[in-house]
Amino acid sequence: MPLSNFLLRGENLHKLVALENPHVIRQVRRFIDLCKPVKVTVIGDDPEEIAYVRQLSLDNGEEVKLKMEGHTIHFDGFHDQARDKGHTAVLLPFGERLSRGIVTLEREEGLKEVLGLLDGSMKGKECLIRFFSLGPTNSRFSLCALQITDSAYVAHSEDLLYRSGYEQFKRLKGSHDFFTFIHSAGELDERSCTKNVDKRRIYIDHLDGKVYSVNNQYAGNSLGLKKLALRLAIYRANHEGWLAEHMLVMGVHPPRKKRVTYFTGAYPSACGKTSTAMIPGQTIVGDDIAYLKIDEDGNARAVNIESGIFGIIKDVNPVDDPLIYKALTTPRELIFSNVLIVDDVPYWQGMGRDDIPESGVNFSGEWWKGKKDDDGREIPFAHSNARYTMRISELENADPKIHDPDGVIVQGIFYGGRDSDTNVPIYEALSWEHGVYLGATIESETTSATLGQEGVRKSNPMANMDFLVIPLGTYLRNHIEFGRKLRNRPRVFSTNYFLKHEGVFTNEILDKKVWVIWAEGRVHGEYDAIKTPIGYLPKYKDLRDLFRQVFDREYTLEEYHQQFSVRLDKFMEKIARMEAVYRTEPGMPREFGEILNQQKSELEVLKAETGKSTLTPEFFI
Ligand code: SPV
Ligand code: MN
């Protein structure tokens, strides 16, 4: 008799049967029989059932309580501290290919390997069967997600980050229209961390709406609903004509005006996405993943598919991130990961304290100042990709529309990179198509959120490149067509918070507030702008007035010139990099090449005519 017959009985079986969905039961049985847990628990939407998951995580040692009420610490293994791009593969039918940088595997071969690794992976462990909704429930955006995992930490994180979806599954009325995520942390060590990270595999089977993840715990690899579901949603969005994006969603509130304007924004990891969504005075709908759809009136509407934040904790301090800092230092349900723990108190890099203890427990186990890894490198007291997990509703600046089933109307989109010498801090695209070009040409320096070398400049189209399961050209064409179908097109802006002059940042961290408010004013036709080949630049007097209004600070013409001059040579270098990157990319939309060539020739003419490498904004008036 199959194992699932023994393990699925009584209340558990009853909960599954009540969904009246044979497809759910089939998946659950199949993966129980394969993974062979010792116990199965089916969890519905009831808060008591959900509380069981947190307790289980504490009981099995995946999380440990901290001093502050509701706070816990979870450690991922020493080599399991970020998304593992090398072992995350998109499963493709024989002969199909994807774009550069995306690992793919022949589907049959990949399935065989990962199902082999999952076979018996839950031995001696409890398997949790979870139901979630991606996006608010009862909405045109909701997608059902079935999570099967042997990690109570994974399931608990999902309770903080997503909406419970047991009732939403009933609304499927028996259809197979849901995603399935199978995860096993595999064998655990004495710290309840994954032991065999060398056998870590994350395989995306978008053709079957499933993702398999084994031998890992780090949320970007393990939580089905995060970057794993994003990949399945991109596939779906592209076939159905909507967008699944690596984007924040925020309400921008200009000073002294009673209005809110919603923006989305795509920024690669550690390029200022969360800090943009958290700009003081604004409201946050989401900080990581959004779905965008077209409504009956031709508006773009967006929802945050999540309801929590899995945020980088590094540099969260009372000065730069006061609201998050406050949330992290007061009682609430919250998971810290990979920070330093001393006497049940967490410490992280850049928290603004100079009394960091010299020993404690961190992601390497017992830690002391000067401790080295196997390669002789000093181990920092907390990992630079250490994180916190909490509900957005815990924040004072949570937007009231966060769970609105209709989402919010998007009137502006930001594309932000990380660039020390080329892009100006903010400018507006000349058209929707040019906006898609700006998104497609985002570049950033690599950070600690992915494994590998830090500090290398990389092209990361729409900050979504890591998650594409379709060719880049197809994805970009879907963007262009999405915008063309809209009656009310959002304005598109490019941001760069990292521009330097002689090695020093040209602006303060919070200056982004002015850029964002300028963009909001542009949406409402309140500011003129200077048309240049690269896009519309803000005028000096508007920024000067905004700096006075927002920060009571004198913004000098010198600062303006340093920040907003068009660096012809640098832009031409960027265009050359983009040509190299995109040259081999098949099926690119015609518009991309047209815009690139036009910019290139206009910049070349300017260069030839003026003989200069940089032109001030006034040159273009
Ligand atoms: C990112 O790296 O973009 C994140 C964190 O949002 S992860 O869960 O690793 O994707
Ligand atoms: Mn992200």
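## A first look at ligand 1

How far from an oxygen atom of ligand 1 does a polar side-chain atom of Tyr 218 lie? In this predicted model, the separation is 2.6 Å. Arg 83 also offers a polar side-chain atom, placed 2.8 Å from an oxygen atom of ligand 1, and Lys 227 does likewise at 2.7 Å. On its own, ligand 1 would expose 280 Å², and the protein buries 96% of that area.

Eleven residues surround ligand 1, and those that come nearest are Arg 83, Tyr 218, Lys 227, His 246 and Ser 269. By character, the shell around ligand 1 splits into five charged, three polar and three nonpolar residues. Two domains contribute to this shell: domain 1 (3-63 + 82-240) and domain 2 (244-306 + 402-620) each supply at least three residues.

## The manganese site

Next comes the metal. Three residues coordinate the manganese ion (ligand 2): Lys 227 through NZ, His 246 through NE2 and Asp 288 through OD, at 2.1 to 2.4 Å. Along the chain, the donors of the manganese ion (ligand 2) follow the spacing K-x18-H-x41-D. Lys 227 belongs to helix α9 (residues 224-240), while His 246 sits in the loop between β12 (243-245) and β13 (247-252), so this pair ties together parts that are 19 residues apart in sequence.

Are Lys 227 and His 246 buried or exposed? Both are buried. Lys 227 and His 246 are also among the residues that come nearest to ligand 1, and a polar side-chain atom of Lys 227 lies 2.7 Å from an oxygen atom of that ligand.

## Two residues with positive phi

If you like to check backbone angles, here are two places to look. Most residues other than glycine have a negative phi. Glu 20, however, has a positive phi, near 50°. Glu 20 is found in the loop between α2 (10-17) and α3 (22-35). With a relative accessibility of 63%, Glu 20 counts as exposed, because the cut-off for that class is over 50%.

Ser 192 likewise has a positive phi, in this case near 60°. Its place is in the loop between β9 (178-184) and β10 (201-205). Is Ser 192 buried or exposed? Ser 192 has a relative accessible area of 9% and so is buried, as the limit for that class is under 20%.

## A buried aspartate in helix α6

Asp 159 is part of helix α6 (residues 152-161). Its relative accessible area is 9%, so Asp 159 is buried. Which side chain makes a polar contact with the side chain of Asp 159? The partner is Arg 130, at 2.7 Å.

## Two loop residues and their distances

Asp 46 occupies the loop between β1 (39-42) and α4 (47-59). At 36% relative accessibility, Asp 46 counts as partly exposed. Along the chain, Asp 46 and Leu 111 are 65 residues apart, and their C-alpha atoms are separated by 34 Å.

Thr 137 is located in the loop between β6 (126-134) and β7 (143-149). Thr 137 counts as partly exposed too, with 30% relative accessibility. What separation do the C-alpha atoms of Thr 137 and Gly 473 have? They are separated by 32 Å, with the two residues 336 apart along the chain.

Methods:
Residues numbered from 1 in each chain as written. Chains lettered and ligands numbered in written order. Predicted model: local features only at pLDDT ≥ 70, side-chain atom pairs only at ≥ 80, totals over all residues. Heavy atoms only, no water. Donors = N, O, S within 2.8 Å, 3.2 Å for Na, K, Ca; no water. Helix = DSSP H or I, 4+ residues; strand = E, 2+ residues; numbered from the N terminus. Buried < 20%, exposed > 50% of the residue type's maximum accessible area, 1.4 Å probe, protein only. Near = heavy atom within 4 Å. Polar contact = N/O pair within 3.5 Å; in protein donor to acceptor, adjacent residues only side chain to side chain. Areas by Shrake-Rupley, 256 points an atom, 1.4 Å probe, with all protein chains shown as cover. Nonpolar A, V, L, I, M, F, W, Y, C, P; charged D, E, K, R; others polar. Domains from an automatic or database assignment.
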